[in-house]
Amino acid sequence: MKLLTISLAALSVFMLNSCCRTACQADPASDTGNQNTGNQIRINVFFTANNDADIQEIKAVADSLVTASRNDAGCIDYDFLESTTTPGLFMIIETWENDSLLKIHSQAPHFKKYVPRLNELGQTSSRRFSIEN
């Protein structure tokens, strides 16, 4: 419960970067989506922009990553948020059907293209949570 409270408190300082929020497009009933059962995975990635980074580029790269990732098999939710209180602080919140599909996502061409660029533009830290189905 303490972890949930901390996560909700952290989330409360963020707002959605894009104008609309949609769920991932992957079909949870697809064969790929059901290849491995288990707990859902939630990852909260905190991103702090480098002082000299172009914030508009960060947003564009992150938006491209989010758009492509939402179409990955097993994606339940994938959002990019910007802090309303701390300039240059962002968060990516992603939820995956299971660990196997998350691993496939981490090998996807869009992941390999956009994540290294984000790593050049700032520093990240992440927290991983297992969600019981």
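**Exercise 1. Describe how helix α2 packs against helix α4 in this predicted model.**

Solution. Two packed helices are described by the angle between their axes and the distance between the axes. Helix α2 covers residues 55-69 and helix α4 covers residues 109-121, and the two pack at an angle of about 155 degrees with their axes 10 Å apart. The axes are lines fitted to C-alpha atoms over the stretch in contact, and angles run from 0 to 180 degrees between N-to-C directions. Angles under 35 degrees count as roughly parallel, over 145 as roughly antiparallel, 65 to 115 as roughly perpendicular and the rest as oblique, and α2 is therefore roughly antiparallel to α4. The crossing of α2 past α4 is left-handed, a term that applies if the near helix is turned anticlockwise from the far one by less than a right angle.

Next come the residues that meet, where contact means heavy atoms within 4.5 Å. On the α2 side these are E57, I58, V61, A62, S64, L65, A68 and S69, and on the α4 side they are H110, F111, Y114, V115, R117, L118 and L121.

**Exercise 2. Determine whether D63, D79 and W96 are buried or exposed, and place each in its element.**

Solution. A residue is buried under 20% relative accessible area, exposed over 50% and partly exposed in between (1.4 Å probe, protein chains only).

- D63 belongs to helix α2, and its relative accessible area of 30% makes D63 partly exposed. Its C-alpha atom lies 9.7 Å from that of Y114, 51 residues away along the chain.
- D79 sits in strand β3, residues 75-83, and is buried with a relative accessible area of 4%. Between D79 and E94, which are 15 residues apart in sequence, the C-alpha distance is 6.4 Å.
- W96 is part of strand β4, residues 89-96, and counts as buried at 0% relative accessibility. Leaving aside residues up to four places away in sequence, W96 touches a set of residues including Q40, I41, S69, A73, C75, Y78, L102 and H105. For one of these, A73, the C-alpha atom is 8.8 Å from that of W96, across 23 residues of chain.

**Exercise 3. Set out the elements of the protein in order, and state which stretches have a pLDDT below 50.**

Solution. The protein has 4 helices and 5 strands, which follow one another from the N terminus as α-β-β-α-β-β-α-α-β. Helices (H or I, at least four residues) and strands (E, at least two) are DSSP runs. Of the 133 residues, 39% are buried, and among contacts with a separation of 6 or more, 77% join residues 24 or more positions apart.

The pLDDT, the predictor's confidence in each residue from 0 to 100, averages 81 over the protein, with 71% of the residues scoring at least 70. It is below 50 over residues 1-23, a stretch that has 35 contacts in the model beyond near neighbours in sequence. Over residues 25-36 the pLDDT also stays under 50, and here the model has 22 contacts beyond four places in sequence.

**Notes on the values.** Residues are numbered from 1 along each chain as its sequence is written, and side-chain values use heavy atoms, with hydrogens and water left out. In this predicted model local features need pLDDT of at least 70 and side-chain atom pairs count only at pLDDT 80 or more, whereas totals for chains, interfaces and linings use all residues.
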